[in-house]
Amino acid sequence: MASQEDVFKKLIAHCKEYGFVFPSSEIYDGLGAVYDYGQMGVELKNNIKKYWWDSMVLLHDNIVGIDAAIFMHPTTWKASGHVDAFNDPLIDNKDSKKRYRADVLIEDLLAKQDEKVEKECEKAAKKFGDSFDKDMFIKTNQRVIDLIAKKEEIHTRFVKALNDSDLAELKKIIEDYEVVCPISGSKNWTDVRQFNLMFSTEMGSTAEGASKIYLRPETAQGIFVNYLNVQKTGRMRIPFGIAQIGKAFRNEIVARQFIFRMREFEQMEMQFFVKPGTELEWFAKWKEIRLKWHKALGLGDHKYRYHDHDKLAHYANAATDIEFEMPFGFKEVEGIHSRTDFDLSSHEKYSGKNIKYFDPELNQSYTPYVIETSIGVDRMFLSVMAASYNEEQLEGGDSRVVLSIPPILAPVKVCVMPLVKKDGLPEKAREIINELKYDFKCAYDEKDSIGKRYRRQDAVGTPFCVTVDHDSLVDHCVTIRYRDTMLQERISISDLGRIIGEKVSMKELFKKIV
Ligand code: ATP
């Protein structure tokens with residue numbers, strides 16, 4: 001069986017070969033951790049965004065959207081804490097000259113302890129067969145007890161070091177537990193340093209008049225500074241939410257995992273404003289709503305898990321990640337944060353403007369508390385691609401690569417193919433497309449054998465192929481072929497729209513999550 005690393009490499013190659021994702025400015029050898037989406041990628045990305053946007057602003061009558069600018073007044077980032085505290089602890093390996101995030105190295109170390117425990121359990125399960133009791137084994141096996149104790153020890157030191165921003169201790173943990181550089185294999189580390197992740201540039205044309213501004217590292221602040229505008233003009237009553245999709249920029253230290261960690265990426269964020277004291281209730285609600293949204297896509301429920309934060313950000317009183325099983329392990333796709341009134345209070349302080357909410361029911365003003373749901377479009381894209389990529393062995397020694405992308409997200413919904421390039425079949429195929437194109441993204445393909453054409457559509461995840469043959473001109477029927485089962489059926493052309501529509505309907509999916 002291919003290793004996960006091989007699968008990931010193949011996925012990256014596939015993304016490029018079929019027009020999903022290209023390295024940025026590739027003719028100049030690319031730009032680190034920046035990517036462009038191709039003709040297929042942009043369709044998938046837009047569908048993901050629509051699924052998110054509609055689930056927020058259509059399904060909730062108390063959530064509205066905005067589109068704030070990327071550039072913001074520089075004081076915004078003072079108030080938000082990003083100028084002073086948006087840092088990652090970085091460490092270099094002196095031999096490989098590779099740079100790492102110290103916290104990520106330690107998190108990997110912790111994950112390794114878990115893997116070792118799992119291995120011990122697997123070994124024992126094989127040895128003891130049916131009589132194996134995993135819980136008992138974990139409690140009584142000395143080696144496992146030692147491994148768990150070691151993990152606890154590392155974990156306690158790690159959490160304390162993060163909370164105290166103790167960089168020397170982070171380095172000491174890396175040294176004490178003999179973490180080696182994956183490239184050079186050496187333990188020759190530099191000190192740990194803080195590194196601010198914001199990109200800056202200058203606004204204004206003259207050197208004297210220019211002022212330093214930042215490219216936003218998150219979209220959330222655009223929502224906070226507009227919260228009162230929206231509340232007043234939209235006559236919103238608490239609880240209510242504001243949703244936004246947009247680009248964010250971070251000068252990431254480690255950028256080696258394709259579109260998982262980019263320097264320019266896109267976020268879908270929703271800030272939900274609530275009455276102080278009710279925030280943990282709403283936090284629990286949003287945790288549940290968001291996981292349901294993910295699971296409804298059918299990528300596999302076992303591929304998701306929550307991960308509560310060890311270190312809470314300066315603004316949060318509860319935080320959890322929704323992690324997805326990527327080819328390189330469980331990783332954060334979405335963060336759900338209870339941000340208290342930190343941001344609004346801070347903007348009030350720095351701007352000197354009153355941005356409190358007047359609650360007509362209580363007849364009093366207060367600063368709302370905020371629950372945030374924040375998901376990366378690109379990470380969502382990667383999780384869909386990773387879960388959908390399959391290499392299948394078929395009967396007769398044949399094989400195919402198929403992207404089982406959920407039909408509602410598939411870039412192209414249907415490809416219409418004339419069996420041959422003559423006898424009026426291409427015209428009939430075009431006629432069908434002209435009917436379907438108002439509702440579905442369609443493709444037309446007349447080149448090569450039907451088998452090859454099917455393979456091409458499988459490789460980009462098209463859920464339906466429709467073949468027009470000579471009989472179609474007489475009986476007004478076509479052959480529809482389903483991507484996942486490869487089954488074929490003869491159906492009436494007049495039924496096509498309905499059959500495709502049922503499978504790619506967001507409404508049907510939304511019904512599962514409301
Ligand atoms: P990480 O710990 O992986 O750096 P984070 O906790 O800093 O992520 P948040 O600040 O919570 O991430 O951002 C919210 C979401 O934005 C993340 O869940 C992720 O999906 C996305 N995101 C953050 N940084 C990046 C990035 N560099 N590239 C792509 N997506 C990102």
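In these legends, Ala, Val, Leu, Ile, Met, Phe, Trp, Tyr, Cys and Pro count as nonpolar, Asp, Glu, Lys and Arg as charged, and the others, Gly among them, as polar. The model is predicted, so local features need pLDDT of at least 70 and side-chain atom pairs pLDDT 80 or more, while totals for chains, interfaces and linings use all residues. Residues are numbered from 1 along each chain as its sequence is written, and side-chain values use heavy atoms, with hydrogens and water left out.

**View 1. The shell around the ligand.** Here 17 residues surround the ligand (each with a heavy atom within 4 Å of it). The closest are E252, R261, M262, E332 and V333. By type, the shell divides into seven charged, five polar and five nonpolar residues.

**View 2. Strands that line the shell.** Strands (DSSP runs of E, at least two residues, numbered from the N terminus) β10 (264–274), β13 (329–340) and β16 (369–376) each supply at least two shell residues. The largest share, five residues, comes from β13.

**View 3. Polar contacts of the ligand.** Look for pairs of N or O atoms within 3.5 Å. A side-chain N or O atom of E252 is 2.8 Å from a ligand nitrogen. A polar backbone atom of M262 is also 2.8 Å from a nitrogen atom of the ligand. For G376, a backbone N or O atom lies 2.9 Å from a ligand oxygen. Taken alone, the ligand exposes 590 Å², and the protein buries 86% of that (Shrake-Rupley method, 1.4 Å probe).

**View 4. A hairpin of β22 and β23.** Strands β22 (residues 477–482) and β23 (residues 488–492) pair in the antiparallel sense over five bridges; pairing takes at least two DSSP bridges. V478 has I491 in β23 as its bridge partner. Five residues sit between the strands, and M486 in the turn has a positive phi of about 65 degrees.

Terms used. Helices (H or I, at least four residues) and strands (E, at least two) are DSSP runs, numbered from the N terminus. A polar contact is a pair of N or O atoms within 3.5 Å; within protein, one must be able to donate a hydrogen and the other to accept it, and residues adjacent in sequence count only if both atoms are side-chain atoms.
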